[in-house]
Amino acid sequence: MITKEDLIAFEQEIAGIFATGVIRAPVHLRAGREDQLISIFKEEEIGGDDYVFGFWDSHELALLKGVPRQEVKDMILRGHSIALCFPKYKVLCSGIVGSLMGTAAGVAWSLRNRNKKGRVFLFCGDMSAETGIFHEAVKYVHNFDLPAKFIVCDNGVSVMTDTRAVWGNPDPWFAGTKYEKHIIYFKYTNGYPHSGLGKLIKF
Ligand SMILES: Cc1ncc(C[n+]2csc(CCOP(=O)(O)OP(=O)(O)O)c2C)c(N)n1
């Protein structure tokens with residue numbers, strides 16, 4: 001079982017390697033949400049049959065889903081941090097905002113209609129959760145009661161822009177709606193900059 005210390009140490013190791021300039025691609029590090037992610041994986045009993053969808057900040061998700069540490073590290077060193085994909089472990093990520101919500105709903109629809117085991121868990125940020133495609137995917141999953149949950153990790157910002165100021169509301173759009181049944185929401189403060197280390201790394 002992956003611990004909080006494992007997740008922190010992994011990100012610290014990647015930060016150290018990134019600082020040397022050997023990873024010639026973007027890396028997004030996260031700190032401060034380890035407890036929440038661990039308890040979501042535990043409480044939801046996310047296992048081998050389940051699909052995990054994530055975005056540019058998915059190192060922790062891959063580790064928690066069971067991808068071996070060395071495999072995650074190798075993939076990052078090869079420049080794929082921003083879009084980690086491990087089909088064998090049902091971990092699929094993309095660096096494009098809003099790109100996977102429809103896919104996640106479609107996979108949930110397919111699992112249901114082919115009587116397959118497994119559920120879908122899509123992890124995204126607070127600004128991603130304000131996109132139209134997120135709303136559509138949640139609506140579809142809700143209306144057909146598909147086996148999918150959307151986990152919104154709210155760090156308050158979209159890169160460096162205040163998400164709530166942009167949308168003119170202190171709460172996410174789904175707060176207090178029927179759609180919350182399919183959404184897990186938590187707040188955290190990221191211990192790293194949005195991308196990289198906040199300083200110029202020369203390759
Ligand atoms: C289509 C598209 N537009 C812009 C970007 C650049 N971009 C990457 S992450 C991000 C902010 C997303 O904010 P949020 O969903 O809150 O994610 P988090 O802060 O948790 O990383 C943006 C604008 C992108 N990756 N894809």
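In this predicted model, strand β1 runs parallel to strand β4, and three bridges join the two. Strand β1, which covers residues 51-54, is also joined by three bridges to strand β3, residues 91-93, and this pair too runs parallel. Phe53 shows how β1 sits between these partners: Phe53 stands opposite Leu122 in β4, and Phe53 also stands opposite Leu92 in β3. A further link to β3 comes from Gly54, whose bridge partner is Cys93.

These pairings belong to a wider arrangement. The strands form an open sheet of six, in the order β2-β3-β1-β4-β5-β8, and the pairing within the sheet is mixed. Which strands stand at the edges? They are β2 (85-86) and β8 (183-187); each has a single partner strand, so one side of each is left without a neighbour in the sheet.

A helix accompanies part of this sheet. Helix α6, made of residues 132-143, lies across β4 (120-125), β5 (148-154) and β8. With respect to β5, helix α6 runs at about 145°.

Strand β4 takes part in another kind of contact, between aromatic rings. A pair of aromatic rings is described by the distance of the centres and the angle of the planes. The structure holds 11 aromatic pairs. In one of them, the rings of Phe41 and Phe123 have their centres 5.6 Å apart and their planes at 15°; since planes under 30 degrees apart count as stacked, the pair is therefore stacked. Phe41 lies in helix α2 (residues 34-43), whereas Phe123 lies in strand β4, so the pair ties together parts that are 82 residues apart in sequence.

The last feature to consider is the empty space in the model. Rolling a probe the size of a water molecule over the atoms shows where empty space is left. The largest pocket holds about 220 Å³ of space. It is lined by 18 residues, of which Trp56, Ser128, Ser158, Val159 and His194 are the closest to its centre. Which elements give two or more residues to the lining of the largest pocket? They are β4 and β6, the latter being residues 157-158. Sorted by class, the lining of the largest pocket has nine nonpolar residues, six polar residues and three charged residues.

Strand β4 thus links several parts of this account: β4 is joined to β1 in the sheet, holds Phe123 of the stacked pair and gives residues to the lining of the largest pocket.

Note on methods:
Residues are numbered from 1 along each chain as its sequence is written. This is a predicted model: local features need pLDDT of at least 70, side-chain atom pairs count only at pLDDT 80 or more; totals for chains, interfaces and linings use all residues. Side-chain values use heavy atoms; hydrogens and water are left out. Two strands pair if DSSP finds at least two bridges between them. Helices (H or I, at least four residues) and strands (E, at least two) are DSSP runs, numbered from the N terminus. Contact means heavy atoms within 4.5 Å. Axes are lines fitted to C-alpha atoms, for helices over the stretch in contact, and angles run from 0 to 180 degrees between N-to-C directions. On a 1 Å grid over the protein atoms alone, a cavity is a set of points where a 1.4 Å probe fits but cannot get out, and a pocket is an open set with protein on both sides within 12 Å along at least five of seven lines; lining residues have an atom within 4 Å of a point. Grid points are joined across faces, edges and corners, and a volume is the space filled by probe spheres set on the points. Ala, Val, Leu, Ile, Met, Phe, Trp, Tyr, Cys and Pro count as nonpolar, Asp, Glu, Lys and Arg as charged, and the others, Gly among them, as polar. Rings of Phe, Tyr and Trp (its six-membered ring) pair if their centres lie within 6.5 Å; planes under 30 degrees apart count as stacked, over 60 as edge-to-face and the rest as tilted.
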